[in-house]
Amino acid sequence: MLPEPIPRFTVEQYQQMTEAGVLTAEDRIELIEGWLVEKPPQSPRHCSTIDRCCERLRRAVPQGWYVRTHGWLVTPDSLPEPAVAIVSGSPDMYMRRHPSGKDAALIVEVADTRLAFDHQKALIYARGGIDNYWIVNLVDRQLDVYRELRPETGDYREHRILVTGDEAEFSLPTGQLLKLDVAYLLPKKASN
C-alpha cells in the first residue's frame, strides 16, 4: 500500500486554521511553500541580535515606516515570520490584514541553527516582491545581503557578503537611502 500524501496548505487555509484555533502560537510553526515548518527555539544570542537590529533600524527609518518583529508576511505561497521587517505605514494599518511584499522595504532574518534554510527563504521573499533581504549570519559573523529583485525570474540579481567595517544600505520605495554599520548588527565576539 502506498503511503498517504502529505497535504500542502494555501495561505488562506493556514490563516483559517489559525483563526479557528487549530494552530496557535504554541505550535511554533510557519507556512513555507505550502508546508508546515517547525521553528526552532531561539538562543539568547539570537534574541539579543534581533533586539540590536530592531534598535538600530528604529533609529534609521523615517516617519511613514516602522519596524515589525516576528509578524506574518503574506507571500503567494507562504506566511513566513521574519525576525524583523521594515513595513510602510503604522501598526494600525495592519489591524485587519498582515503586510505583504508591496508593504515591506526590508526583511531581516537572524540565522544560527537554520542558516541554509534562511538562504532558501530568499526565493520566497523574492517571489513575494521584497526588494531587500538580509540574513544576520551568526555562524560566519557576516551580513548576507540579497537585493535588486528580478520579478521575471523570482530571484535577486545580487548576493553580497558584508563584514564588520562594511556599511549595509537599502532604499525605501520613496527613494530614501538608509545606511547601517554592519558591526552594529552583529553581536560582539565573546571574550574568554
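This passage walks through the strands, the cores, one helix and the pockets of a predicted model.

Strand β4 makes a handy starting point. With 5 of its 5 residues (84-88) buried, β4 is largely enclosed by the rest of the structure. In a regular strand, side chains point alternately to one face of the sheet and the other. Here both faces of β4 are covered: Val 84, Ile 86 and Ser 88 are buried on one side, and Ala 85 and Val 87 are buried on the other. As for partners, β4 runs antiparallel to β3 (residues 65-69), and 5 bridges join the two. One of the pairings puts Val 67 opposite Ile 86 of β4. β4 also pairs with β5, again in the antiparallel sense, over 4 bridges, and Val 87 has Ala 104 of β5 as its bridge partner.

Two of the β4 residues turn up again in the largest nonpolar core. This core has 28 residues, and Val 84 and Ile 86 are among those with the most contacts inside it, along with Leu 57, Trp 134, Val 136, Leu 143 and Phe 170. Looking past its neighbours within four places in sequence, Leu 143 is in contact with Trp 134, Ile 135 and Val 136, with Arg 160, Ile 161 and Leu 162, and with Ala 168, Val 182 and Leu 185. Another core, of 18 residues, lies apart from the largest one and includes Tyr 66, Tyr 94, Ala 122 and Tyr 156.

Ala 122 belongs to α3, where the buried residues are Leu 115, Phe 117, Asp 118, Lys 121, Ala 122, Ile 124, Tyr 125 and Ala 126. Their cover includes β1 (29-32), β2 (35-38), β5, β6 (132-137), β7 (142-150) and β8 (155-162). After α3 comes Gly 129, with a positive phi near 90 degrees.

Now for the empty space. The largest pocket holds about 280 Å³. Its lining counts 20 residues, of which Pro 40, Gln 42, His 46, His 70 and Arg 114 are the closest to the centre. Both β5 (104-111) and α3 (115-127) supply at least two lining residues, with β5 giving the most, at 3 residues. By class, the lining of this pocket splits into 9 charged, 6 nonpolar and 5 polar residues.

The second largest pocket comes in at about 170 Å³. Among the residues around it are Tyr 14, Thr 18, Asp 27, Arg 28, Lys 39, Trp 72, Glu 81 and His 98. Its lining has 5 nonpolar, 4 charged and 3 polar residues.

Definitions and conventions: Residues numbered from 1 in each chain as written. Predicted model: local features only at pLDDT ≥ 70, side-chain atom pairs only at ≥ 80, totals over all residues. Heavy atoms only, no water. Core = buried A, V, L, I, M, F, W, Y, C linked by side-chain atoms within 4.5 Å. Buried < 20%, exposed > 50% of the residue type's maximum accessible area, 1.4 Å probe, protein only. Contact = heavy atoms within 4.5 Å. 1 Å grid on protein atoms, 1.4 Å probe; cavity = no way out; pocket = protein on both sides within 12 Å on 5 of 7 lines; lining within 4 Å. Points joined across faces, edges and corners; volume = space filled by probe spheres on them. Nonpolar A, V, L, I, M, F, W, Y, C, P; charged D, E, K, R; others polar. Pairing = 2+ DSSP bridges.
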